[in-house]
Amino acid sequence: MVFKIKELYIYPVKSLAGIAVDEAYALNAGFRHDRRWMITDNNHQFMTQRTIPQMAQVFVQVDGDFLTFKHKNLSHKLHISSVENHPKEVKVWDDIALAYDTDIHTNQWLSDILHQKVRLVRMKDEQSRSHLSSATGALYHVSLADGYPYLLLGDKSLDQLNEKLNYPVSVMRFRPNIVVRTNQAHEEDVWDRIQTASAQFKNIKPCGRCIMINVDPERGLMTGKEPLSMLARYRKSGNSVLFGTNMICTQEGIVKKDEHITVY
């Protein structure tokens with residue numbers, strides 16, 4: 001079957017605002033620049049919108065060799081290569097990753113914005129973290145994403161959810177990398193592989209969702225129980241609430257918005 005890519009997103013810093021892009025280069029650990037940076041506390045434990053929803057209001061742009069951070073009328077630039085000499089161990093759930101601390105000026109700027117002491121770290125390299133898949137029992141190289149390097153979502157899945165909600169939500173609640181124009185809600189759950197002109201992906205499992213989807217990214221606020229509560233009524237499987245699907249890259253290459261993909 002052939003489908004069309006509707007939207008592409010990267011999230012340079014885990015849990016900060018995402019960027020819509022026209023094309024992205026797919027690597028095994030995730031799209032280039034996608035979640036290669038992460039905010040931690042002083043104990044190098046990862047921090048997300050689950051506990052700091054205002055992180056959604058910190059915007060990041062990749063400008064050549066710089067990351068540009070913006071929050072309201074404030075901005076800050078960080079050179080991509082600006083890191084300390086020795087990597088440290090950081091944690092993403094139960095996984096250990098090697099990452100460099102960045103510079104004290106960036107740490108201070110982010111601490112001021114988020115009203116608590118934080119650090120910004122950068123992955124050491126593409127093999128810095130491995131994730132053991134509960135679905136396949138295999139180890140995968142992953143960025144600093146929660147568990148898998150890619151999240152794919154069909155637009156009809158979001159349409160169906162919004163038909164059930166009193167107040168529609170945007171796709172950014174779910175932080176997908178690839179949004180595909182589909183024919184039926186949740187048909188992406190059962191796809192095996194997808195092929196673009198130059199890259200290929202393998203579907204691992206539907207994605208279990210958490211309270212983070214209840215954060216309104218446009219306001220940086222936890223807005224209540226929706227949409228997770230509604231999804232739990234019709235998308236619960238065991239202890240998980242499913243929405244979108246987790247994928248790995250099996251052939252690296254470029255992915256473009258509006259290009260056609262072949263689904264197997």
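## Val241 and strand 21

In which strand does Val241 lie? In this predicted model, Val241 lies in strand 21, an element that spans residues 240-251. With a relative accessibility of 9%, Val241 counts as buried, because the value falls under 20%.

Apart from neighbours within four places in sequence, Val241 is in contact with Cys207, Gly208, Arg209, Leu228, Leu231, Ala232, Arg235 and Lys236. One of these residues is Leu231, which stands ten residues from Val241 along the chain, with 6.6 Å between the two C-alpha atoms.

## The largest pocket

A probe can be used to look for open space in the model. Rolling a probe the size of a water molecule over the atoms shows where empty space is left. The largest pocket has a volume of about 790 Å³. Its lining consists of 35 residues, and those nearest the centre are Arg50, Asp146, Gly147, Cys207 and Gly208. Cys207 and Gly208 also appear among the contacts of Val241.

Four elements give two or more residues to this lining: strand 12 (130-132), strand 14 (150-154), strand 17 (200-208) and strand 21 (240-251). Strand 17 gives the most, with four residues. Sorted by class, the lining of the largest pocket holds 14 nonpolar, ten polar and eleven charged residues.

## Ile204 in strand 17

Ile204 belongs to strand 17, the element that gives the most residues to the lining of the largest pocket. The relative accessible area of Ile204 is 14%, so this residue is buried.

Leaving aside neighbours within four places in sequence, the contacts of Ile204 are Ser133, Ala135, Thr136, Tyr140, Tyr148, Asn246, Met247 and Ile248. Between the C-alpha atoms of Ile204 and Ile178 there is a separation of 15 Å, and the two residues are 26 residues apart along the chain.

## The second largest pocket

The second largest pocket has a volume of about 320 Å³. It is lined by 18 residues, of which Tyr167, Pro168, Val169, Arg173 and Glu226 are the closest to its centre. By class, this lining comprises six nonpolar, four polar and eight charged residues.

## Helix 2 and its buried side

Helix 2 covers residues 155-164, and its buried residues are Asp155, Ser157, Leu158, Leu161 and Asn162. These residues cover an arc of only 155° around the axis, and therefore lie on the same side of helix 2. The elements against which they pack are strand 1 (2-10), strand 14, strand 15 (178-181), helix 3 (228-234) and strand 21.

Asp155 is one of the buried residues of helix 2, with a relative accessible area of 9%. Neighbours within four places in sequence aside, Asp155 is in contact with Lys6, Val179, Val180, Arg181 and Thr182.

## Salt bridges

Side chains of opposite charge can pair when their charged atoms come close. Across the whole structure, a search finds 14 salt bridges. One of them joins the side chains of Arg36 and Glu126, with an N to O distance of 2.8 Å. This pair links distant parts of the chain, 90 residues apart: Arg36 is in the loop between strand 4 (30-31) and strand 5 (37-40), while Glu126 is in the loop between strand 11 (119-123) and strand 12. The two partners fall into separate accessibility classes: Arg36 is buried, at 6% relative accessible area, whereas Glu126 is partly exposed, at 28%.

Which residues are linked with Lys88 in a network of salt bridges? The network consists of Glu84, Lys88, Asp101 and Arg119. Within it, the side chains of Glu84 and Lys88 meet at 3.2 Å, N to O. Asp101 also forms a salt bridge with Lys88, in which the closest N and O atoms are 3.2 Å apart. The Asp101 and Lys88 pair links distant parts of the chain, with Asp101 in strand 10 (residues 95-101) and Lys88 in strand 9 (residues 88-92), 13 residues apart.

The accessibility of three members of the network can also be stated. Glu84 is partly exposed, with a relative accessible area of 36%, and Lys88 is likewise partly exposed, at 29%. Asp101, by contrast, counts as buried, at 1% relative accessibility.

How values were computed: Residues numbered from 1 in each chain as written. Predicted model: local features only at pLDDT ≥ 70, side-chain atom pairs only at ≥ 80, totals over all residues. Heavy atoms only, no water. 1 Å grid on protein atoms, 1.4 Å probe; cavity = no way out; pocket = protein on both sides within 12 Å on 5 of 7 lines; lining within 4 Å. Points joined across faces, edges and corners; volume = space filled by probe spheres on them. Nonpolar A, V, L, I, M, F, W, Y, C, P; charged D, E, K, R; others polar. Salt bridge = Lys/Arg side-chain N within 4 Å of Asp/Glu carboxyl O. Buried < 20%, exposed > 50% of the residue type's maximum accessible area, 1.4 Å probe, protein only. Arc of directions from axis to C-beta. Contact = heavy atoms within 4.5 Å.
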